[in-house]
Amino acid sequence: MDLAEAGYDLAIVDLLEPEMADTAELLRDKGARVMTFAADVADHARASGVVAQTIAGLGRLDVLVNNAGRSAPRGILEMTEAEFDRAIAINLKSCFNYIQPTARHMMEHGGGRIISISSLNALSGGVTAAVSRFAYASAKAGILGMTRALAKELGPKVLINAICPGVIQTEVETHITLQSEKFTKGIAAGRLGCAQDVSRLVTFLATSEPCFMTGQALTVDGFQFNM
Ligand SMILES: NC(=O)c1ccc[n+]([C@@H]2O[C@H](COP(=O)([O-])OP(=O)(O)OC[C@H]3O[C@@H](n4cnc5c(N)ncnc54)[C@H](O)[C@@H]3O)[C@@H](O)[C@H]2O)c1
């Protein structure tokens, strides 16, 4: 929503078609041209098609935000190989899938910005000890290595950064909402995060001129010190 307000046209990729259609309408109300793609971000070939169609439809691609992700709460003693592969595919390979065709376009057309949503889990290993998210944490940590390496490979034309959100109240984390008092006690800012805490940072990284930041992992967690 913040990117639409900043004047960007948008292409959205998600598995959930009705939700995407609702979001597209809200974005169009802000004056943005919007394309939607019902696609699995883990699908490499589909990613190339989505990026090509986006460039054809909107004329150019200046900013990529790798936001799709899914938690994988299961310990190493229980997780199957297929579940592990899927967690890595959704949370890490998806970034490769979308960065590759996007970077090709950006390197040929004057540059751009790439922002990948990692997680505080990449740094902490997980918010609580109660539920292991080792596969998710591994994938999200992989994003940080990918970000640093690609900052060198794609710079100075393409600036690429990662964001590590702490506990953000969204649909995926409804269990956290139910226990928000417990979580809030360990956050210096005294509250859980909201979607805008992340989207404002995304918009800053996408639009800031000049921008001397690349290859970074930016934590937005209200200083989560004790959970
Ligand atoms: N909510 C938090 O506390 C929190 C904390 C740290 C990081 N994150 C990360 O922030 C990002 C956004 O998460 P959110 O909390 O808004 O969750 P969300 O579930 O609201 O959004 C994630 C979106 O990704 C989509 N998605 C999942 N798998 C997909 C796939 N294979 N292909 C296409 N789309 C797919 C979902 O349909 C959903 O719309 C994720 O990468 C998540 O890992 C969230």
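Start by selecting Leu64 in this predicted model: across from Leu64, in strand E4, stands Ile114. Now widen the selection to the two strands. E3 and E4 (residues 112–117) run parallel and are joined by 4 bridges.

Next, bring in the rest of the sheet. It is open, has 4 strands in the order E3-E4-E5-E6, and the pairing is parallel. Colour E3 (63–66) and E6 (217–220): these stand at the edges with a single partner strand each, so one side of each has no neighbour in the sheet. Look along the sheet for its twist: on average, neighbouring strands are turned by 20° against each other, ignoring direction.

Now pick helix H4 (residues 81–108). H4 lies across E3, E4 and E5 (158–165), and runs at about 175° to E3.

Stay with E5 and click on Val158. Which residues does Val158 contact, leaving aside its neighbours within four places in sequence? They are Ala103, Met106, Met107, Gly111, Gly112 and Ile114. Val158 also belongs to the largest nonpolar core, which has 44 residues. Val158 is among the members that touch the most others, along with Tyr98, Ile99, Ile115, Ile160, Ile163 and Val202. To see where the core comes from, show helices H3 (44–58), H4, H6 (134–154) and H9 (195–207) with strands E3, E4 and E5; each supplies at least two of its residues.

Last stop: select strands E1 (residues 10–14) and E2 (residues 34–38), a parallel pair joined by 5 bridges. Val13 has Phe37 in E2 as its bridge partner. Add helix H2 (residues 17–29), and you have a right-handed β-α-β unit made of E1, H2 and E2.

Notes
Residues numbered from 1 in each chain as written. Predicted model: local features only at pLDDT ≥ 70, side-chain atom pairs only at ≥ 80, totals over all residues. Pairing = 2+ DSSP bridges. Right-handed = clockwise from strand over helix to strand, strands pointing away. Axes fitted to C-alpha atoms, helices over the stretch in contact; angles between N-to-C directions. Contact = placed C-beta atoms within 7 Å. Core = buried A, V, L, I, M, F, W, Y, C linked by C-beta atoms within 7 Å. Buried ≥ 20, exposed ≤ 12 C-beta atoms within 10 Å, placed from the backbone.
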